[in-house]
Amino acid sequence: MQQDRYAARTISVVICSYADWRWDDFRRACVSVEEQLTEGDELVVVIDHNDGLLERARTEFPNARVVPNAGRKGLSDARNTGVETSRGDVVAFLDDDAVARPGWVDGLRTAFASDDVAVAGTTVRPNWEGGSAPRWFPDEFGWVVGCSYRGLPEVKTTVRNPIGASMAVRRTIFGKVGGFSDAIGRVGTKPVGCEETEFCIRVSAHDPNYKVVFDPFSAVDHYVPAVRQTMKYFVSRCYHEGRSKRIVSILQGTDAGLSSERTYVRVTLPSAVVKGVAGSLRRPSGLLRAGVVVIGLSSTVLGYVVESFQRGQVTVSAT
């Protein structure tokens, strides 16, 4: 591997937003970042095809670089616009409904001290509306609400990909592998994703010596509204995750596309079911969570199968 000539010095934090009704969350996200920036760092705000929100953001955050999404509507091209607009050695991404904990920016800066680190991610803790998760919600499915989940490493280590709500990429990597694919990724409120998964697989394929690292000791708090705490949303999100995984598998191959999921399905989920059933005598909610694990897995598999049939007639290409 040809190493970069320098470790990370400056960070550009990109926050993408699209909806006026998310303004309060979006504002908290921006403020949490601005409080941590040092000389040479910057906040880049990308507004996804909403002229009113664009002007409001420019007025509210005069020290940020506020730009419209220059590509197709959706998170992937909004992030790509942020990359093209920013200037830092590292480009970090924070969801517009997440708040960076103190030390988050410097934690990411430290993660890139070694030249072979290409991508870094942190813990994403759920900030539940109402104060706590529903009794039926299994911790192993934190990814359903864009958060960390039981089964992730508890020490600093390498991973296939981080959670997109809190991740960062060395700028030079984009010049080598391109940006985020608009064949996948969230558009509006449609609960799809995996653009960061596909991107990280491309990074590792480009050079196996590049590292994707996870730091569980740096964190952001990701707001989970009541609307995302229902069984309807849970099943829908799992279903669309299955669809997204199938597209990633088409773009990058099944082995890479499902490498982490195999361990998750074979080890993490069976352990969750056993734990729930075994503890049901003391806590009846344990049996309920065990059942939800089965429902979540079944919904994800269904989405994968349905997308497989559909993609048998539709060709998807990476951009």
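Mentor: Helix axes here are lines fitted to C-alpha atoms over the stretch in contact, and angles run from 0 to 180 degrees between N-to-C directions. This is a predicted model, in which local features need pLDDT of at least 70 and side-chain atom pairs count only at pLDDT 80 or more, while totals for chains, interfaces and linings use all residues. Residues are numbered from 1 along each chain as its sequence is written, and side-chain values use heavy atoms, with hydrogens and water left out.

Trainee: At what angle do helix α1 and helix α2 pack?

Mentor: Helix α1 (residues 23-34) and helix α2 (residues 51-60) make an angle of about 35 degrees, and their axes are 12 Å apart. Helices are DSSP runs of H or I with at least four residues, strands are E runs of at least two, and both are numbered from the N terminus.

Trainee: Which hand does the crossing of α1 and α2 have?

Mentor: The crossing is right-handed. That word applies if the near helix is turned clockwise from the far one, and left-handed applies if the turn is anticlockwise, by less than a right angle.

Trainee: Which residues of α1 and α2 meet?

Mentor: W23, F26 and R27 of α1 meet L53, R56, A57 and E60 of α2. Contact means heavy atoms within 4.5 Å.

Trainee: What makes R65 and E42 a salt bridge?

Mentor: The term requires a side-chain nitrogen of Lys or Arg within 4 Å of a carboxyl oxygen of Asp or Glu. The closest N and O atoms of R65 and E42 are 2.8 Å apart, and the pair forms a salt bridge. The pair links distant parts of the chain, with R65 in strand β3 (residues 65-68) and E42 in strand β2 (residues 42-47), 23 residues apart. By this rule the count comes to 19 salt bridges.

Trainee: Why is E42 called buried or exposed?

Mentor: Buried means under 20% relative accessible area, exposed over 50%, and partly exposed in between, with a 1.4 Å probe and protein chains only. E42 has 11%, so E42 is buried. R65 has 24%, so R65 is partly exposed.

Trainee: How do you know that K211 and D116 meet in a salt bridge?

Mentor: Their N to O distance is 3.4 Å, and the side chains of K211 and D116 count as a salt bridge. The two are 95 residues apart: K211 is in strand β9 (residues 211-224), and D116 is in the loop between α4 (104-111) and β6 (117-128). D116 counts as buried because its relative accessibility is 14%, whereas K211, at 35%, counts as partly exposed.

Trainee: Where do R237 and E241 lie?

Mentor: Both are in helix α7, four residues apart, about one turn of the helix. Their side chains form a salt bridge at 2.9 Å, N to O. R237 and E241 are both buried.

Trainee: What do M231, V235 and I295 form on the surface?

Mentor: They form a nonpolar patch with about 190 Å² of accessible area together. V235 lies in helix α7 (residues 231-252), and V235 counts as partly exposed because its relative accessibility is 31%.

Trainee: What makes phi of H49 notable?

Mentor: Phi of H49 is near 55 degrees, a positive value in a residue other than glycine. H49 is found in the loop between β2 and α2. Its relative accessible area is 46%, so H49 is partly exposed.

Terms used. Patches are made of residues with over 30% relative accessible area and no salt bridge: like charges are joined within 9 Å, nonpolar side chains (Val, Leu, Ile, Met, Phe, Trp, Tyr) within 5 Å. Accessible areas come from the Shrake-Rupley method with a 1.4 Å probe; for residues, only the protein chains shown count as cover.
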